[in-house]
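Subject: Structure handover and findings

Dear colleague,

Please find below the structure that I am passing on to you. I should be grateful if you would read the notes that come after it alongside the coordinates.

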Amino acid sequence: MASLVASLQSHDDTFKRQVARLLREGRPPINVVDERSQPDVTPDLVIMDGRSGLSAAMSAMERLRASTPTVSIFLVVSTVSSELILQSMHSGANEVMAWPPSDGAFQDGIRRFSERRRASGGPVRTSSVLTFIGAKGGVGTTTLAVNCGVELAGKKKRTVVVDLKPGLGDAALFLGVHSRYTVLDAIENSHRIDASLLDGLLAKHLSGLELLPGSDQFHRPTGADGEAIASVLNLLMDRCEYTVVDAGCQINASALAALNASAIIHVVMNPDVPSIRNARRLIECIAEMGFTGERVRVLLNRACEPYPIPFNEIEDALGSKVFLTVPSDYKSVATALNAGVPLTFGNNADIAKQFGRLVRSILNPTAAVEPEPPRKTGFRFPRFASAR
Ligand SMILES: Nc1ncnc2c1ncn2[C@@H]1O[C@H](COP(=O)(O)OP(=O)(O)OP(=O)(O)O)[C@@H](O)[C@H]1O
Ligand SMILES: [Mg+2]
């Protein structure tokens, strides 16, 4: 999936929040870069806040248009007039809109922007961040993230798994790889890290998958590491087609950096009451940040029929559809990793089928969702009513 990036030129935090949300909800969704922490990224789109200091905004647009002719520029002003539109176009703006823009007007602008990109055949990054975040601890976030990484590597896609779980990450353990370095080395050197330094920090798995192993310190990464993580992810996106992030099960600065860069967010949960309750909260929380629609996919792990809670009730309580179920089979999920073999080549036909679906949905994100086989109905779980 091509990943377009936008930069927001404003001193107003409310403006930044609202525009970031509109961008993330866009078709296609557009990631926001922070130019202070990611100075090397050239944005595809710049949103210029011209509400206070219109002439400074005009000059900034002229400089931008001269230095980066391919960039698209949206100018946001307090009041639009035909004279202002003309002047803005001369200064390099592609779109002019009044604040606050309606969702429809903004999305029309995004549609025209992405059509311009396509028509110009401009260089569009073809790298995707796939984040896995758990509804709670132990639901299988690491298992699904690393197996997804192995599957993609098995399809000859250059893939890296980044273990961002705060505290002691265990993706390296799952993959049976040993490394002297962890994500903390990348964070601490983020101001000087380049492709060759990054290469030295990555561990290699039998499958061809690369790994930036998780923290070896209980209190890291912390809130202060968010910006550094964003730049490390950015460098990884230059290197790999897929950057698979194990974000643990908390919305913290590391998870936020990953969510912001994500093409797809996988919310991992189990079919039990605490997991359903937390997953609902997590989905609501990330929706408030602007991550909604097809970009957020619920993975129901350790799903076995008949479900203790009827499947349709799980979806009702979640307020979202389950994108994919993954059967419960400890032996299959653990031994595949030890052997460096994708689960789709393993002995469990159901798991193989579901991982095949997951990977196809990643490789071809716009294809229609493949229907799952019909489910048996389960019995009503007595405590379920209190979970909502
Ligand atoms: N589909 C599955 N079938 C059987 N066992 C599974 C499945 N998925 C995960 N497990 C097992 O459940 C345990 C927890 O999985 P995992 O460590 O991936 O969860 P997690 O959500 O990452 O946990 P943590 O919150 O500790 O990071 C592991 O022993 C794993 O092998
Ligand atoms: Mg984990």
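The notes below describe the ligand site, one helix, the aromatic pairs and several backbone features.

Please bear in mind throughout that this is a predicted model.

**Ligand 1 and its surroundings**

The shell around ligand 1 comprises 16 residues, and Thr-142, Thr-143, Asn-301, Pro-327 and Asp-329 are the closest of them. Sorted by class, this shell contains eight polar, five nonpolar and three charged residues. Three elements, α5 (141–154), β12 (296–303) and α13 (330–339), each contribute at least two residues to the shell. The largest share, three residues, is supplied by α5.

Several polar atoms of the protein lie at short range from the ligand. An oxygen atom of ligand 1 is 3.0 Å from a backbone N or O atom of Thr-141. Lys-165 places a polar side-chain atom 3.0 Å from an oxygen atom of ligand 1. On the nitrogen side, a polar backbone atom of Pro-327 lies 2.9 Å from a nitrogen atom of ligand 1. The protein buries 83% of the 630 Å² that ligand 1 exposes when taken alone.

**Helix α14 and its link to β12**

Helix α14 covers residues 349–363, which is 15 residues. At 1.5 Å a residue, a helix of this length should span 21 Å, and the end C-alpha atoms are indeed 21 Å apart, so expectation and model agree. At the start of α14, the backbone nitrogen of Asp-350 has a side-chain oxygen of Asn-348 within 2.9 Å. The buried residues of α14 are Ile-351, Ala-352, Gln-354, Phe-355, Gly-356, Arg-357, Leu-358, Val-359, Ser-361 and Ile-362.

One of these, Ser-361, is buried and makes a side-chain polar contact of 3.2 Å with the side chain of Arg-297. Arg-297 belongs to strand β12. Its relative accessible area is 6%, below the 20% cut-off, and Arg-297 therefore counts as buried. Strand β12 also appears above as one of the elements that supply the shell around ligand 1.

**Aromatic pairs**

There are two aromatic pairs in the structure. In one of them, the ring centres of Phe-15 and Trp-99 are 4.8 Å apart and the planes meet at 35°, so the pair is classed as tilted. Phe-15 sits in helix α1 (residues 13–24) and Trp-99 in the loop between β5 (95–98) and α4 (103–120), so that the pair links distant parts of the chain, 84 residues apart. Phe-15 and Trp-99 are both buried.

The other pair is formed by Phe-74 and Phe-106, and is edge-to-face, with 5.9 Å from centre to centre and 75° between the planes. Because Phe-74 is in strand β4 (residues 72–77) and Phe-106 in helix α4, this pair ties together parts that are 32 residues apart in sequence. Phe-74 and Phe-106 are likewise buried.

**Backbone features**

Two cis peptide bonds deserve your attention when you prepare the model.

- Trp-99, a member of the tilted pair, is joined to Pro-100 by a cis peptide bond with omega of about -5°. Pro-100 lies in the loop between β5 and α4.
- Arg-220 and Pro-221 are also joined by a cis peptide bond, with omega near -10°. Pro-221 is in the loop between β9 (210–212) and α9 (226–239).

Positive phi values occur at the following residues, neither of which is a glycine.

- Lys-156 has phi of about 65°. This residue is located in the loop between α5 and β7 (159–163). Lys-156 has a relative accessibility of 71% and so counts as exposed.
- Arg-302 has phi near 55°. Arg-302 is part of strand β12, and its relative accessible area of 43% makes it partly exposed.

Finally, the loop between β9 and α9 also holds Ala-224. With a relative accessible area of 70%, Ala-224 is exposed. Its C-alpha atom is 24 Å from that of Ser-128, and the two residues are 96 apart along the chain.

Yours sincerely

Key
Residues numbered from 1 in each chain as written. Chains lettered and ligands numbered in written order. Predicted model: local features only at pLDDT ≥ 70, side-chain atom pairs only at ≥ 80, totals over all residues. Heavy atoms only, no water. Helix = DSSP H or I, 4+ residues; strand = E, 2+ residues; numbered from the N terminus. Expected span 1.5 Å × (residues − 1). Buried < 20%, exposed > 50% of the residue type's maximum accessible area, 1.4 Å probe, protein only. Polar contact = N/O pair within 3.5 Å; in protein donor to acceptor, adjacent residues only side chain to side chain. Near = heavy atom within 4 Å. Areas by Shrake-Rupley, 256 points an atom, 1.4 Å probe, with all protein chains shown as cover. Nonpolar A, V, L, I, M, F, W, Y, C, P; charged D, E, K, R; others polar. Phe/Tyr/Trp six-rings, centres within 6.5 Å; stacked < 30°, edge-to-face > 60°.
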